[in-house]
Each structure stands twice: as C-alpha cells, then as structure tokens.
Amino acid sequence: MHFLKGLVLILLPAAAIAAKRAAVDKFQQFHSKALSSTPLKLDDSIYGQLTSAPRDYSVAVLLTALESRFGCQLCREFQPEWDLLSKSWTKGDKKGESRLIFGTLDFTDGKNTFQSLGLQTAPVLLLFQPTHGPHAVADSAPVRYDFTNGPQSAEQVHSWVARHLHDRPHPEIHRPINWVRVIAFTTTILGTLTFLSVAGPYLLPIIQNRNLWAGVSLIAILLFTSGHMFNHIRKVPYVAGDGRGGVSYFAGGFSNQYGLETQIVAAMYGLLSFATISLALKIPRIADPRTQQLAVIIWGAVIFVMYSFLLSVFRIKNGGYPFWLPPFS
Amino acid sequence: MSDIIEEPFFKGSTGRNTRGVLRLTILCLIAAAAIASRLFSVIRFESIIHEFDPWFNFRATKYLVQHGFYDFWDWFDDRTWHPLGRVTGGTLYPGLMVTSGVIYHALRALTIPVDIRNICVLLAPGFSGLTAYATYLFTNEMTTSPSAGLLAAAFMGIAPGYISRSVAGSYDNEAIAIFLLVFTFFLWIKALKVGSVFWGAWCALFYGYMVSAWGGYVFITNLIPLHVFVLVLMGRFSPRVYVAYCTWFAIGTLASMQIPFVGFLPIRSSEHMSALGIFGLLQLVGFVEFVRAGVPSRQFKTLVTGFVVAVVLIAFAALVLLTVSGVIAPWTGRFYSLWDTGYAKIHIPIIASVSEHQPTAWPAYFFDLNLLIWLFPAGVYLCFLKLNDEQVFIVVYSILASYFSGVMVRLMLTLTPIVCVSAAMALSYLLDTYLTIKSPPEPTDAQILDAANNSSSKKAGKQDGIRSTREPLVGIYTTFSKTTVVSAMTAYLLIFVLHCTWVTSNAYSSPSVVLASRMPDGSQHIIDDYREAYQWLRQNTPEDAKIMSWWDYGYQIGGMADRPTLVDNNTWNNTHIATVGKAMSSREEVSYPIMRQHEVDYVLVVFGGLLGYSGDDINKFLWMVRIAEGIWPDEVKERDFFTDRGEYRVDDGATETMKNSLMYKMSYYNYNSLFPAGQAQDRVRGVKLPEVGPTLNTVEEAFTSENWIIRIYKVKDLDNVGRDHASAASFDRGNKKKKTTKKRGPKVLRVE
Amino acid sequence: MRLLAIGAAVLSLASTALCAEKGNLTKPLTSRLILPSTFKPPQNFKNVNLVHIINLEKSYPKEQINVVVENIASTPQDEYYIPFTSQQMATIGGLEVKDKKNSDGGLFEVGAVEFDPESDTQFYRVRLAQPLAPKAQITLGISYSYLSALHPLPKHIAQQDSQFLVYEFSAYCPSAYVTTKQKTEVKFPSGNVPEYTIVAGGEVESPVKAGSKFTYGSFSEVPAGAVEPVKVRYEFTKPLIHISQLERDIEVSHWGGNLAFEERYTLHNHAANLTNQFNRVQWASQQYYNPPSTAIKELKFPLRVGSLDPYFTDVIGNVSTSRFRSNKREANLEIKPRYPIFGGWNYPFRVGWNADLKKFLRKLKTGDGYVLNVPFLEGPKQSEGMVYEHIELRVILPEGAVNVKYSTTVPLVSEEISLHRTFMDTTGRTALTLKAINIVDDFRDRELIVTYDYPLLAGLRKPLVIFITFFSLFAAAWGIGSLDVGIKGKK
C-alpha cells in the first residue's frame with residue numbers, strides 16, 4: 001500500500017506534464033508507466049485524461065473502495081485478482097499491441113469521479129473502448145462489468161475483457177506459484193511421515209482402538225445429520241440477533257438455519273442417542289439394583305425431556321406441526 | 001448379540017412354524033401398511049401420474065407397451081428437443097419401464113384388463129412393500145435379534161424419507177430403485193458372509209437391474225468397494241471377501257455395460273474407477289496372502305509389501321495420468337457437485353436450479369425420519385460391539401450416506417434405509433433387554449464385591465472391546481424400570497406413526513398437476529388448469545405444432561398434450577435450453593426470429609398471478625436469464641432485470657428490460673382488463689401492476705385456462721403485406737380501437 | 001341477391017367437399033336391391049295431396065312428408081318409390097314410413113335402391129304392408145332427417161356474434177310421381193330469417209310468413225321429379241353438435257347383478273369457427289348473463305332412474321367438472337368439458353355408469369332363457385339436438401350365453417356376434433355388436449331387446465376354473481418344496 005502511495009506521488013507531476021503535451025501519444029506514455037507498475041493508481045485528474053476522448057486505446061478501470069471504513073468486502077476480495085490480471089496482461093504484451101491500459105481508482109482519490117458517474121456501489125469495472133483508430137467502436141460509453149454473482153476470479157474477468165477486445169492479443173494469466181504453500185505442504189507431509197514412522201508403534205493401538213473409531217464415526221454422523229453441510233455450502237451466519245437486541249438461536253423457516261442452531265440440534269441428537277445407548281448397554285450391566293433403578297429413571301427422563309424439547313424446537317421451525325410432548329408444548 | 005434375547009416363546013419345530021407364520025403375517029401387514037399409506041393422492045384425487053419426470057416415464061412405458069421392446073430399445077424421439085430430437089432409447093434407464101411393461105403383459109396373459117396407467121401409478125407403492133421385505137432380510141443378516149428385522153421393515157414401510165419419492169403416482173426411477181438398492185446390499189452381505197459365488201452372482205444380477213433402473217447405482221458402485229477397502233485396511237481380508245467381490249465386480253460390470261446409457265462408462269469414467277482399483281488391489285492382496293502363507297521368510301514379506309505399495313502407487317499414478325489425458329472421463333457435473341459443493345452454482349446453473357439438488361437443512365432430516373434420526377447413531381454404536389464384516393458395512397454406509405444426504409436433498413433417499421436398519425437394531429436391542437419376563441436374582445453384597453473386583457481386573461485385561469460392555473451382563477431387576485422404558489418407547493413409536501401419516505398426507509401426496517383448494521364451506525375444490533390447457537392443445541392444434549415452454553413443462557406437454565416440445569426435463573443440451581431462455585427473456589424483436597428458426601407454433605407460459613400460485617414462470621424467470629446469460633453474456637444480462645437498488649420487481653418499478661421481455665409480456669398480457677382500471681393485482685408477488693398492460697405484436701393469445709395458470713400464445717406468421725409485426729399490429733389496433741380500447745389500452749407505436 | 005350468390009358458391013363448394021368425405025358412408029348401407037341401370041319407377045301412383053314439413057328448430061333438418069297416395073294402375077301395387085339426390089342419400093338418416101290412418105300398423109319395410117351409382121337421383125323403395133287396390137288411397141307419413149346439411153354463413157364469427165345457417169331444399173317436394181296438390185312448410189327456430197328465396201309460382205307468392213313458420217305453396221300439379229330450389233338463411237346461435245363416432249358398451253354381469261354402461265364419444269362442434277383466437281376475459285365476463293353462444297358448455301345425460309356411480313373422463317384422466325343428481329324420480333348426469341367447445345373444436349370423452357341388472361333383465365319362465373331390455377341410445381339430451389354419424393353398440397353377455405336374438409326399431413346397417421375375452425375368461429363372452437349410421441337424437445328412447453340362453457353350468461365355470469388353478473398351484477409348490485435339490489450328500 002505504502003509503495004503504491006509513493007508511486008502515486010511520483011506519478012502525479014508526470015501526469016500533469018503529460019496533460020500539457022497531449023501531442024505525444026497518450027497510450028505510449030501510460031503504457032510505459034503501466035510497464036513499471038500496473039494497474040495504474042489513478043485519481044480524478046489522471047482518470048479524466050486517461051479516459052478522455054479522443055482515445056485510440058482501451059482502458060479498463062476498476063472503481064473500488066479499499067479502505068476498511070467503507071467495509072467493501074467484495075472490493076478487498078477482488079483486488080488481488082485484479083492486480084494479478086493486469087500484471088500478467090501487461091507482462092504478456094510489453095509492446096502494447098492489445099492497446100489496453102489497466103487502472104484502479106480508489107474512492108478516496110476519486111470522489112468526484114464516483115459522483116459524476118453517480119455510483120452507489122463498489123467495485124465497478126468499466127471498460128472504455130477506443131473512439132478512433134483501428135479498434136474504434138461506435139458508442140464511446142464504457143462497458144460495465146457487474147459483480148452481481150459474488151467475487152470474481154481473474155480468469156472470469158479476463159474472459160470478459162477478451163470478449164470485448166477481439167482481434168487483439170489476449171495475454172494469458174500466469175498465477176504465481178505460491179511457494180510458501182508448496183513448502184508448507186511438503187514439510188507437513190514429510191513431518192507427518194517421519195512422525196508416523198517414529199511414533200508408529202505407540203500410535204498403532206490408538207488407531208486400532210475401537211472406541212476412538214466409534215466416537216469419530218458417531219460425531220461425523222451427528223454432524224452431517226444436523227445439517228452441517230448446509231451451513232458449509234450456504235455460508236449461514238453462526239447466530240443472528242432478533243430485533244430486540246437479544247439473540248435468536250433458531251432461524252425461522254423450514255429450509256433455513258444458523259450455525260449455532262445446528263450445533264444445538266446435534267447436541268440434542270447426541271444426548272438422546274447416548275441415553276439410548278446407556279439404557280441398552282450400560283444399565284443391564286449395573287450390578288446394584290438400586291443404582292440400576294435410579295439410572296433407568298434418570299436416563300428415561302432425559303430421553304423424554306430431550307425429545308419433547310426437540311419436538312418443540314421443530315414446531316418453531318415448522319409452524320402447524322401438530323405433535324408435542326410435555327413439558328415443552 | 002447377547003443371550004437374553006435368545007428366548008423363543010414357542011419351543012420345538014411347531015414353535016418354529018408358529019413363529020414363521022407369525023413373521024409372515026406381520027410382514028404382510030407391514031407391506032399392506034406401506035402400500036396403504038401411499039394411497040392418499042389416489043383417494044383424494046384420482047389415479048393420476050404426478051408432477052414432471054413421471055410423465056416422461058409414463059409416456060415411455062406406453063411406447064414400450066405399444067411398440068414392443070426392440071423398438072423401445074432404439075427409440076429416436078423426434079417429438080422432443082425439436083429440431084434435434086433425442087435418442088431416447090439410449091439415454092434413459094429402461095428398468096422402470098420394462099418392469100411395468102412386464103407386469104402389464106403378465107396381467108394381460110391372465111386376461112385381466114388393467115390399464116397401463118394404473119400399473120404405473122401403483123408401481124411405487126407395490127414395490128415399497130417389497131422394500132420392506134428386503135429391509136427385513138438385510139437387517140436379519142446384521143443382527144441375531146429376531147425382532148430387529150420386523151422393526152426395520154416397519155420403519156422402512158412408513159418412513160417419510162422413502163415415502164416422499166414413492167407415493168402412488170410418483171412413477172419415477174426411485175420407485176423401484178430403492179428396493180433394488182436394499183436387496184442388492186442384502187445379497188452383498190449374504191455373499192460376503194457365505195463367501196459363495198452363488199450369492200455373489202445374484203448380487204451382481206440385481207446390481208445390473210439396479211443399473212438399468214436408476215442413476216443412483218453409482219452409490220452402490222462406490223460403497224461396496226469402499227467397504228471392501230475398509231475391510232482390507234482392518235486386516236479382515238479373507239477368501240470370502242475375495243470371492244464375493246470378484247464375482248460381484250466381474251458379473252456386475254458386464255451386466256451394467258448392457259445398458260446403452262451406461263455403455264462403457266464402467267471402465268472409462270472416474271465414478272467407477274474405485275471399483276476397478278479395489279478389484280486390482282484385491283488381486284494383489286490375495287496374491288500376497290497366498291505367498292505369505294507359502295513362504296515364511298521375513299525379508300520376502302517386506303519385499304512383497306514393498307512390491308504391493310509400489311504397484312498401488314503406480315496404479316494410482318496411471319489413473320491420474322489417464323484422467324488428465326482424457327482417456328478416462330472426469331467426474332460428471334452432477335457427481336462432481338457432490339464433492340466440490342460450490343461447483344454447481346458457478347458452472348452448471350441448470351443443476352443448481354433444480355430444487356432437489358439443494359443442500360439439506362436439519363429440519364428436513366427430522367421431518368423425514370423423526371425419532372429414527374436419534375436412534376440412528378445408537379444403532380451405529382451397537383455395530384461396534386461385535387464388529388464383523390457386515391457391521392463394518394453398516395458403519396461405512398451410514399457415514400457416506402449421511403454426507404451425501406447433507407449435500408443433496410434427494411439423496412435423503414439413500415440414507416433412509418440404513419437409518420431404518422440401525423434404528424431398528426438399537427430399538428430392538430433395547431426392547432429385547434427390557435421386555436424379558438425373567439429378572440436376575442437380587443445379588444448379595446459379596447457377589448457385588450467380587451463382581452466389582454473381576455470387573456476391575458477385566459478392565460485391566462481386555463482393552464480392545466467397546467467400553468460400555470466390559471462389565472458382565474446382569475439384566476434388569478425391577479419390573480418398574482422395564483415397564484417405564486417399554487411404555488415410553490411405545491409412546492415414541494406411536495408418535496412416530498402419527499408423524500409419518502401426517503407428513504405423508506400433508507407434504508408428499510399432492511400430484512402438482514391437479515391443485516386442490518378449499519372452498520369457504522370446507523369442501524374441496526379442484527383446480528385443473530394444467531390438464532384443461534394440455535387437453536386443449538391436444539385436441540385443437542395440429543398434430544405437429546411445436547410448443548415452446550420452459551423445460552419444467554416439457555415432459556408434461558409431451559405426455560398430456562402429446563405435442564412436440566423444444567426442451568424438456570431431460571436437460572441434456574444446455575445450449576438449447578439457453579436458447580429458449582433467451583427467447584423468453586429478450587425483446588419480441590429478438591425472440592421472434594429465434595422462434596421462427598425453431599418453427600415454434602405455440603408458446604406456453606405458467607402464470608400464477610390471479611390465483612396466487614407461486615410456482616409460476618415469473619418466479620423461475622431469473623433462472624432462464626442466468627442460463628441464457630451463460631451462453632450469451634453480451635445479449636442477456638441478469639443485472640438488467642434488477643432495479644438499481646437490486647430488487648426484482650414486476651410492478652411500475654420494473655426495469656425496461658424486464659417489461660420488454662417476452663416472458664413478462666406474455667404473463668401479464670391482457671391481465672389488467674380483468675380488473676377496474678389501475679387495480680390490477682399480482683397475488684403472488686403481491687404488487688399492483690402498471691396502469692397500462694403490455695402489448696404483444698409477434699404472438700397472439702390463443703388460449704388461457706380458467707384460472708389463468710396456463711397461457712398459450714400462437715406465434716404469428718409473417719405478415720401478408722410484408723410489414724413488420726409491430727406496425728401491422730398497431731395498424732390493426734388503430735382500426736379496432738373503438739371496439740377494443742378497454743381491452744388493450746391506448747395503442748403504442750414501437751419505434752425501432 | 002349478391003349475398004345469395006356468394007352463399008350458393010360457398011355452399012356448392014361445401015357440398016362437394018361433403019360428398020368427398022361422406023363418399024365412403026354409402027358403402028355400409030346394406031339391404032340394397034340391385035336393379036338395371038335403366039330403371040325408372042313405374043308410374044303406378046299419384047300424389048293426390050302432399051304436405052312437406054321441414055323442421056329447422058334443431059341443429060339438423062328434420063323433414064316430414066304426409067302424402068295421400070292413390071293407385072292409378074290397373075293392378076294392385078305395393079312398391080312406392082321416394083327419390084333423393086346422391087348427396088342426400090349419403091347423409092339421410094332414420095327414414096321411416098308409416099300409414100297415417102292406422103297408427104298402430106307399424107312401419108313399412110324400406111330399402112335403398114341401387115341401379116346406377118353415377119346417376120344423381122337415387123331411390124328408396126317402400127313396400128306397403130298389403131298391396132293397394134286400384135283407385136284406392138292410402139295416407140303415408142314419411143319422416144327422415146339429414147346430417148351435416150346445415151352450414152354456417154359466414155363461416156367465421158367473433159366470440160359473441162350470432163350465427164346464421166343456410167339450408168337448401170326444393171319447394172316442390174321431390175317425388176317420383178305426379179303431384180296434384182302440395183305445399184312445403186318450413187319451421188324456423190326464430191323469426192330472424194334475413195334471406196330466403198322467393199318463389200313466384202302457385203296461387204300466392206311464396207313464402208307466406210306466419211311468425212317463425214314459412215309456407216311455400218300450395219302449388220298445383222307438378223310432374224314427377226320437378227324441383228324448385230330454395231335457399232334460406234336463418235339465425236341459429238347454438239352449437240352444431242356432431243358425434244362422428246359413438247361406441248356404446250353394455251356389459252351384463254349375472255354374478256354381480258350389475259349392468260355396466262360405457263360410452264365413448266368423438267365430439268365435434270360444426271358451428272362457425274372463431275375469427276380470432278379464444279379470449280378468456282370476454283368469455284369470463286359474459287358468463288354472468290348467459291347469452292346464446294355457439295360454444296358447447298355443458299351436456300346433460302338424463303339416465304334411467306337408479307343409475308349408479310357415473311364417471312366422466314378423457315384421454316388424460318378424470319374431469320372433475322361433472323355433476324350427478326340422482327333421486328327417486330331422476331338421475332341426471334351433467335358434464336362440463338374442460339374448456340368451452342367452440343366451432344371447429346373437438347373434444348373426445350367417455351362416460352360410464354352402472355345400473356341394477358334386475359331393472360333390465362327378466363328370466364323366462366321356461367328353460368334358462370333371459371330377456372334384456374336396454375335403451376339403444378342414451379346420449380345427451382340437448383335443446384339444440386345432436387347427430388350421430390356412426391354408432392357402434394356392443395352388448396357383452398355373460399360367458400357362455402348362447403342363441404342370442406335381438407330386435408329394435410332403429411334402422412341398422414350391420415350386426416355381428418363375436419367373442420370378448422376379459423377378466424380371466426376361459427372361452428370368452430358373447431358380444432353382440434350392432435352398427436347404425438346417421439342417427440339423430442330423436443332416437444334416444446328407442447329400446448333394444450336381446451334374448452339369450454344362459455345355462456347354469458356356464459355360470460359356474462369361472463369359480464371352478466379359478467379354484468382348480470389355485471389348488472394345482474399350491475400342490476405344485478408343495479411338491480417342489482418337498483424335493484431336495486442339495487448337491488451335498490445326506491448325513
């Protein structure tokens with residue numbers, strides 16, 4: 001970020017000069033800058049001259065709001081992709097055959113632009129087509145890329161740009177290999193291997209322990225049957241507040257749920273089945289009659305209450321469900 | 001499991017017979033209950049095929065019955081996917097149709113004149129009875145308790161999770177597939193336990209039947225290898241496993257390759273690679289075991305192990321290589337979306353748009369399984385008590401099925417059987433423990449003491465057993481505890497029965513072709529618009545009039561109206577569907593050429609605005625837009641159908657693109673003339689519609705059903721005098737102004 | 001006049017088309033007697049006085065000729081010929097001739113005469129009960145009706161326009177004999193008759209209008225075969241219901257004591273088509289006040305009292321919009337098609353119901369003979385009337401019924417006795433199939449009487465067969481079960 005800021009400071013006077021002598025090919029000038037650092041960090045003035053007609057080149061400008069106070073999650077998610085795209089594009093065509101300039105205009109630098117364009121939302125990606133020259137198109141109005149369906153990958157945007165810039169080269173995207181991840185991965189693999197080889201004899205009994213496996217599989221089952229995959233796919237909130245400042249644990253609606261809710265349900269299921277197991281397995285093995293009697297009553301009561309509670313919760317989810325058990329009705 | 005349950009009421013052979021008779025009667029009663037609880041829709045409405053896919057199966061069955069098996073096998077259907085047509089014979093799972101065809105001909109041979117429709121309607125309930133029986137057999141393989149099987153059968157008979165896809169009239173592949181699934185698993189367990197080629201072959205044959213019946217056979221194809229793999233890892237490899245698996249794999253693969261739709265997939269697609277790999281692995285392990293038995297040398301053993309590992313690695317590498325190089329087809333989209341859960345939403349909107357491919361929220365589980373859902377883990381836990389091959393199967397099955405059902409609602413179907421089985425095992429174990437007459441004698445303190453001692457010593461002793469079974473089994477002392485537990489369980493079971501009945505009658509028994517509504521006086525009023533419109537199409541349009549509609553209704557139009565359609569529920573050609581989507585979501589001037597090119601004569605839209613019927617096309621519209629946008633991103637943009645504030649509106653605030661889209665126009669055309677001026681109301685979206693209704697130039701209203709649910713438009717022919725339709729239509733309107741001002745509102749001259 | 005010309009042109013076109021499609025209908029007419037092609041009906045008779053009544057109140061023309069015939073030959077005669085054009089021959093239905101004087105004399109035998117297929121004039125021959133002595137007179141009542149002889153003009157009308165029909169006939173009643181005095185009366189459904197031919201001949205200028213009744217003539221003596229074409233165009237805003245095919249099954253079950261009816265209709269509406277497409281808004285709005293319309297909204301079946309559990313289905317299942325009112329006095333089945341059937345639209349459907357067998361079947365005192373008495377036709381009773389082009393009536397008698405005889409007054413074209421296998425039959429049930437063509441709904445109340453023998457043994461066959469089958473099944477199962485097919489040796 002700092003580096004970029006500094007860069008802007010360097011660029012500003014240069015831009016001013018450029019503005020003076022527009023005779024020089026604007027594209028070459030911006031392209032040379034782009035070669036040094038792309039996407040260009042714009043502000044209102046640079047944006048103005050960059051996108052001003054007449055232009056014989058295309059400009060792709062991302063209008064974004066990166067500062068955290070705007071709370072634009074999407075902007076921050078998309079920014080690295082955008083940088084990646086512009087970098088690999090510019091690297092891919094040094095001679096500027098595609099005649100495309102990438103620029104980023106942050107809201108802090110370009111309030112006026114945002115107002116003049118009447119933009120409420122960010123990010124917005126505009127593609128300005130050349131007004132004259134070989135690739136000129138009829139309407140000079142910029143094409144707008146919409147971010148309606150979520151954060152976009154560099155490839156998607158690349159294909160979009162390429163679609164609009166036909167009959168020009170489209171440099172491919174080169175994702176830099178994430179060495180850190182690779183190294184971490186290999187090390188972990190090796191580490192685990194060594195660990196296993198060393199601690200194998202000690203681990204083996206644990207791995208072969210039936211209780212462990214039983215526990216694991218039961219947990220997995222409870223997790224899935226309490227709708228964890230739904231949370232995972234739909235990315236539901238963990239818990240939401242009701243209107244009155246309190247916390248609502250159970251989402252209204254049949255096909256809708258919170259993270260915490262599912263955990264509660266899983267706990268209920270777990271408790272119920274554990275009670276069943278103890279009734280079936282543990283209690284007949286209690287030698288002392290009185291303890292056994294007591295245990296039966298306790299576990300029976302637990303099942304009863306839990307099940308009644310479960311039913312009541314389900315009645316919250318599905319209005320008009322007729323069945324219930326005391327005490328929760 | 002434990003000895004206390006081995007206490008038959010009747011001794012000797014007569015006792016055995018009596019118990020046999022009792023079992024038989026109970027099973028018959030269960031089957032009867034299973035069938036009866038699926039007949040709600042028949043009793044309420046009539047014997048009618050339900051929603052969408054069943055209509056295609058029904059049509060295919062009729063074709064099979066009329067033209068015979070071979071014509072059916074190479075049936076090229078030119079009345080769907082116009083103008084492409086569809087190689088129906090080679091792109092469907094024929095099991096269902098063939099089954100009902102066989103039944104039909106058998107009955108005919110007995111000169112019992114039963115309509116093929118009734119066979120199709122009642123097939124699913126009939127097979128549900130068989131499923132209950134199969135579950136009984138399957139469970140009996142799992143446990144020694146004689147009652148578990150019956151309980152499982154009862155659960156399977158009435159569990160809503162299974163009823164949801166097998167009520168009378170839902171004539172879909174699942175109708176018979178679930179029976180085949182359970183029965184194949186039963187045969188597999190049988191083959192595994194006996195280790196006989198005989199049972200393995202039977203398993204393979206039924207697997208082949210399953211393949212011919214349902215795409216879900218992939219579940220078996222992956223579950224059985226996984227089971228075997230786990231067994232091998234647990235060091236439970238044995239000749240029995242080897243024999244059973246190899247028999248199953250060899251014959252089963254051959255059998256499955258007989259289905260044209262499957263063809264060479266079993267050796268080419270990734271879904272089936274696991275089975276192949278395990279087959280190879282078994283050969284290796286078998287070989288190694290053989291050698292190990294022969295040569296007792298340490299180095300040799302290590303060598304062999306190394307060799308095995310090497311081979312496995314190489315095989316895996318080869319697999320990857322083949323997949324990358326494309327010799328082996330990669331995962332199909334539907335299957336892939338099971339693993340990468342975000343995949344479908346981005347890449348295959350068609351799959352994402354189907355409601356039954358959504359993930360499952362927890363209420364759905366409880367709704368479909370009620371108390372079974374918490375008896376289920378207990379049953380799985382019980383399997384760890386005595387962990388034999390078959391119990392391992394239950395564990396593997398449970399985990400896998402739970403995962404899949406969580407990802408896709410419709411896969412709840414594969415989860416239900418195992419839930420029923422293990423829940424029944426848990427419950428029957430409980431009841432067996434608490435339903436015994438004899439109680440153990442009151443122990444003296446000394447006994448307690450030494451029991452404690454040897455129990456502690458036992459704790460030290462056996463470590464591998466499951467924890468909760470270390471102490472010796474005593475039994476239940478007091479009748480009080482017995483009665484409490486038993487009565488409580490009975491109460492829960494009764495609630496379960498009520499729940500199932502309620503769910504079935506309220507949620508799963510409406511044939512969505514016929515809608516039922518209640519009159520003020522409580523009497524049932526039937527809304528039959530679908531069939532009204534389809535019948536009109538069938539009787540009063542030319543035999544080969546092409547109907548364009550959204551793909552949901554393709555099968556129904558084919559089945560009921562018997563007219564060629566452009567797209568239908570067999571969504572094999574995304575581009576074609578996108579074309580229809582584009583025609584629906586573009587302006588008339590764009591849509592008309594598309595419709596002409598596809599020789600469309602009539603366009604059918606579903607509109608619930610008058611009745612408040614929410615499943616109409618305007619609500620599905622966004623999917624059409626998305627799918628069209630997937631192919632023509634520049635011409636159709638989802639963004640344009642949302643207002644600046646990102647709302648999806650149909651009233652005055654709707655965007656121009658929305659108002660000009662063919663779908664919008666056809667839905668609301670002429671609608672506001674039903675109401676006093678400016679009062680037009682959309683009862684689904686609950687909004688007031690614009691003062692001036694839309695005008696249509698290139699299509700004309702041909703038929704509108706009684707409650708406006710279905711609206712059919714005729715695509716105009718080219719103008720006689722060569723004008724474009726806009727000017728022609730406005731000219732007509734201008735002429736007829738006096739007569740039809742009220743109807744059409746002021747004339748609008750479109751400028752192009 | 002111009003309009004008339006146009007109408008004539010249209011009509012001629014229509015008629016040719018009609019001939020083309022009705023051409024095959026003349027085939028099934030059996031009971032023809034072949035005569036040399038140079039046949040001319042012998043001039044043995046003279047029509048002393050003739051009144052020709054054409055009734056257009058229903059959706060088909062129904063004609064009645066009352067004629068006083070005198071034998072002018074020297075010998076007693078009993079063959080009276082009635083001429084028709086070949087097109088009329090194709091579409092004529094229900095021709096009946098009786099003696100007006102003694103009404104209980106029954107119908108005379110009538111048969112179509114074929115001598116020269118090309119000739120435009122064909123004849124029906126009436127054979128009088130007893131020959132008519134010379135100079136003697138007899139009063140014949142000849143009644144018949146034509147199918148699809150009425151054509152809407154214009155052919156396309158808007159949804160609530162009123163419809164006009166055109167009918168062509170001859171002011172002089174077509175006759176093979178000299179007619180001394182005759183007149184033709186036309187009864188219209190309403191007084192609204194915008195166009196009609198004016199005939200100059202006769203005492204006064206025809207027609208003479210009296211309300212909705214026009215009278216042509218009376219005319220003085222005209223020679224045999226004289227024709228005076230007349231064309232009328234009148235308002236008739238009702239559907240022209242046309243059943244191209246009716247299959248009616250009547251199944252007798254002695255065991256169930258039940259008589260099952262099922263009727264399969266192929267229904268068309270021959271009224272004027274819609275100029276532009278069907279408009280639901282208009283239709284719904286005009287349902288409040290119920291104007292006359294050419295659309296079929298409802299069909300009423302007055303069934304025999306005591307009819308049970310009726311059903312009304314079409315090819316895609318049950319039609320919920322039907323009502324059945326049954327009580328001591330009446331049993332009315334009122335069915336509504338899924339959609340209003342406008343001109344040119346079709347709607348095939350099927351209805352069925354059960355009835356108690358005792359009401360229709362009677363056992364003869366002697367032997368094991370039975371008498372079944374059922375209505376030949378029970379179609380809907382519509383005020384505008386309806387016509388049936390083909391009727392195929394099938395009476396399915398119980399398995400093993402023998403020497404079947406029947407009698408009915410409806411003119412038939414063919415009969416057949418075959419076997420019908422269903423519901424685990426071994427030999428099959430005796431089915432009596434009767435075919436009739438060009439029937440109008442006046443024949444609703446004609447009855448059909450079937451007598452047959454049904455021995456007791458035949459009644460007991462099915463239970464015996466089933467019992468034996470199951471018994472042998474169980475026996476076989478037991479036998480196989482007791483076999484030991486194990487391959488391991490006995491221990």
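This note goes through the chain contacts, chain C, two UniProt spans and some unusual backbone spots of a predicted model.

1. **How the chains are arranged.** Two pairs of chains are in contact, and chains A and B share the most contacts. Chain A and chain C have no contact with one another. Their closest C-alpha atoms lie 29 Å apart.

2. **Chain A against chain B: extent.** Chain B puts 67 residues into this contact, and chain A puts in 62. About 6,000 Å² is buried between chain B and chain A. Carbon and sulfur atoms give 72% of that area. The rule finds zero salt bridges across this interface. Polar contacts are present, though: 15 residue pairs, with both residues at pLDDT 80 or more.

3. **Chain A against chain B: what chain B offers.** Five helices of chain B each supply at least two residues of the side that touches chain A. They are H18 (362-369), H19 (372-383), H20 (389-407), H21 (412-434) and H23 (479-507). H23(B) has the largest share, with ten residues. By class, this side of chain B has 43 nonpolar, 16 polar and eight charged residues.

4. **Chain B against chain C: extent.** Here the contact takes 29 residues from chain B and 22 from chain C. Together, chain B and chain C bury about 2,400 Å², with 55% of it on carbon and sulfur atoms. On the chain B side, B:Thr111, B:Gln535 and B:Gln539 lose the most area to chain C. These residues together account for 23% of what that side buries.

5. **Chain B against chain C: charges and polar pairs.** Which residue of chain B forms a salt bridge with C:Arg338? The partner is B:Asp528, and the closest N and O atoms are 3.1 Å apart. The rule finds two salt bridges across this interface. It also finds 14 residue pairs in polar contact, both residues being at pLDDT 80 or more. Helix H24 (529-540) and strand E7 (699-704) of chain B each supply at least two residues of the side that touches chain C. H24(B) gives the most, with eight residues. This side of chain B divides into eleven nonpolar, eight polar and ten charged residues.

6. **Chain C as a whole.** Chain C has four helices and 32 strands. Of its 491 residues, 48% are buried. Its C-alpha atoms fill a box of roughly 115 × 70 × 50 Å along the principal axes. Among contacts in chain C with a separation of 6 or more, 77% are between residues 24 or more positions apart.

7. **A loop residue in chain C.** C:Glu298 sits in the loop between helix H3 (280-286) and strand E20 (299-303) of chain C. Its side chain makes a polar contact of 3.3 Å with that of C:Lys300. Leaving out residues up to four places away in sequence, C:Glu298 touches C:Arg323, C:Glu334, C:Ile335, C:Lys336, C:Pro337 and C:Gln382.

8. **Two UniProt spans.** An unreviewed UniProt entry places a "transmembrane region" at residues 464-487 of chain C. In the model, that span is 79% helix and 0% strand, and its end C-alpha atoms lie 40 Å apart. For chain B, UniProt (unreviewed entry) places "domain: STT3/PglB/AglB core" at residues 546-596. This span is 57% helix and 6% strand, with end C-alpha atoms 11 Å apart.

9. **Cis peptide bonds.** Most peptide bonds are trans. A cis bond joins A:Pro326 and A:Pro327, with omega about 0°. A:Pro327 is in the segment after helix H11 (289-317) of chain A. In chain B, the bond from B:His82 to B:Pro83 is also cis, with omega near 0°. B:Pro83 is in the loop between helix H3 (53-73) and helix H4 (95-109) of chain B.

10. **Positive phi.** Most residues other than glycine have a negative phi. B:Trp81 has a positive phi of about 50°. B:Trp81 belongs to the loop between H3 and H4 of chain B. Is B:Trp81 buried or exposed? Its relative accessibility is 0%, so B:Trp81 counts as buried. Phi of B:Glu599 is positive too, near 55°. B:Glu599 lies in the loop between helix H27 (588-597) and strand E4 (600-606) of chain B. With a relative accessible area of 45%, B:Glu599 is partly exposed.

Methods: Residues are numbered from 1 along each chain as its sequence is written. Chains are lettered from A and ligands numbered from 1 in the order in which they are written. Side-chain values use heavy atoms; hydrogens and water are left out. Contact means heavy atoms within 4.5 Å. Buried area is the accessible area (1.4 Å probe) that two parts lose on being put together, summed over both. A salt bridge is a side-chain nitrogen of Lys or Arg within 4 Å of a carboxyl oxygen of Asp or Glu. A polar contact is a pair of N or O atoms within 3.5 Å; within protein, one must be able to donate a hydrogen and the other to accept it, and residues adjacent in sequence count only if both atoms are side-chain atoms. Ala, Val, Leu, Ile, Met, Phe, Trp, Tyr, Cys and Pro count as nonpolar, Asp, Glu, Lys and Arg as charged, and the others, Gly among them, as polar. UniProt positions are given in the numbering used here, feature names are shortened, and annotations may be inferred rather than shown by experiment. Buried means under 20% relative accessible area, exposed over 50%, partly exposed in between (1.4 Å probe, protein chains only).
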